[in-house]
Every structure is written in C-alpha cells, then in structure tokens.
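Biologist: I am new to this structure and would love a close look at one part of it. Please pick a single stretch, walk me through it slowly, and then show me how it sits among its neighbours.

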Amino acid sequence: QVQLVESGGGLVQPGGSLRLSCAATGNIFRIDAMGWYRQAPGKERRLVAAIMGGSSTSYETSVKGRFTISRDSAKNTVYLQMNSLKPEDTAVYYCNAEGAATYGSFRTWGQGTQVTVSS
C-alpha cells in the first residue's frame with residue numbers, strides 16, 4: 001500500500017516560517033496530485049494547497065502569497081513552505097496524495113503534523 005510520512009511541524013512565533021515535507025512510499029506507479037489540508041480544533045478539514053501534474057497549483061485564499069507548495073517527483077515528495085505565519089494558521093496539517101499504484105488507484109492520507117503559531 002501507499003503510505004505518506006510527514007515531517008516539519010512545530011511551534012513558531014507569529015511572522016515565522018516552517019517547511020513541511022511529505023514523502024510517499026510503496027508500490028507507486030504514478031502520482032496525479034498531492035496536497036496539504038489542515039484541521040483546527042472544532043473545525044472541518046480544509047484544503048490549503050494542492051499541486052497537480054507536477055506543476056499546476058492552487059491555494060486557499062487565506063494563504064495565497066504566504067505559502068508555497070512544491071513537489072519533487074523523483075522523490076515522490078511534496079513540500080509546503082509557510083512564511084509569515086499567523087496564529088490562525090495553527091492546526092494539524094495533513095498530506096494527501098492520489099494516483100495509481102501497481103495494484104490499482106489510490107488516495108491516501110498522512111498521519112498529520114501539528115503546527116502551532118504562538119508567541
């Protein structure tokens with residue numbers, strides 16, 4: 001099965017930066033899209049940023065100009081560079097990937113990584 005392993009979360013002061021990483025492993029034939037979602041306490045999980053086909057990107061309005069999603073296709077890894085962080089960015093961030101594996105199509109989630117923005 002395809003698994004996603006996330007890293008890079010932590011505690012940062014307002015205005016600071018963090019870089020999240022998510023590596024996909026397993027019997028991967030092709031990855032069509034990868035994305036980052038976040039879920040704050042008491043709120044629904046929402047899409048933050050996505051990258052499709054290796055280059056086409058989309059962002060939630062509140063993070064445009066502050067967050068950048070990128071992908072290393074050779075490593076099946078997606079990154080989320082987060083700058084100018086605000087307290088409202090505090091959430092658990094989840095990586096998502098979909099594509100084709102040797103056994104069929106897949107859509108899978110990472111375990112989540114906590115991002116806390118606080119002084």
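Modeller: Happy to. Buried here means under 20% relative accessible area, exposed means over 50%, and partly exposed is in between (1.4 Å probe, protein chains only). Strands are DSSP runs of E with at least two residues, and they are numbered from the N terminus. This is a predicted model, in which local features need pLDDT of at least 70, side-chain atom pairs count only at pLDDT 80 or more, and totals for chains, interfaces and linings use all residues. Residues are numbered from 1 along each chain as its sequence is written, and side-chain values use heavy atoms, with hydrogens and water left out.

My choice is β7, which covers residues 67-72. Follow its side chains one by one and they alternate. Phe67, Ile69 and Arg71 point to one face and are buried. Thr68, Ser70 and Asp72 point to the other face, and these three are not buried. That fits a general habit: in a regular strand the side chains alternate between the two faces of the sheet.

Now look beside β7. Its partner is β8, residues 77-82, and the two strands pair in the antiparallel sense over six bridges (strands pair if DSSP finds at least two bridges between them). To see one of these contacts, find arginine 71 in β7 and look across to valine 78, its bridge partner in β8. Together β7 and β8 form a hairpin, with four residues between them.

The turn of this hairpin deserves a pause. Asparagine 76 lies in the loop between β7 and β8, and its phi is positive, about 50°, although it is not a glycine. Most residues other than glycine have a negative phi. If you leave the other end of β8, you come to the loop between β8 and β9, where serine 84 is found. Serine 84 also has a positive phi, near 50°, and at 41% relative accessible area it is partly exposed.

Next, turn to the inside. The largest nonpolar core (buried Ala, Val, Leu, Ile, Met, Phe, Trp, Tyr and Cys residues joined through side-chain atoms within 4.5 Å) has 29 residues. Those that touch the most other members are Met34, Trp36, Phe67, Val78, Leu80, Met82 and Tyr93. So you meet Phe67 of β7 again here, along with Val78, the bridge partner of arginine 71. β7 and β8 are among the strands that each supply at least two residues of this core, and others include β4 (28-39), β5 (46-52) and β11 (113-117). The largest share, five residues, comes from β9.

Strand β9 also takes part in a link to another region. A disulfide (a pair of cysteine sulfur atoms within 2.5 Å) joins cysteine 22 to cysteine 95, with 2.1 Å from S to S. By this rule the count comes to one disulfide. Cysteine 22 sits in β3 (residues 18-25) and cysteine 95 in β9 (residues 91-101), so the pair links distant parts of the chain, 73 residues apart. The link is left-handed, with -85° about the S-S bond. Cysteine 22 is buried, with a relative accessible area of 0%, and cysteine 95 is buried too, at 0%.
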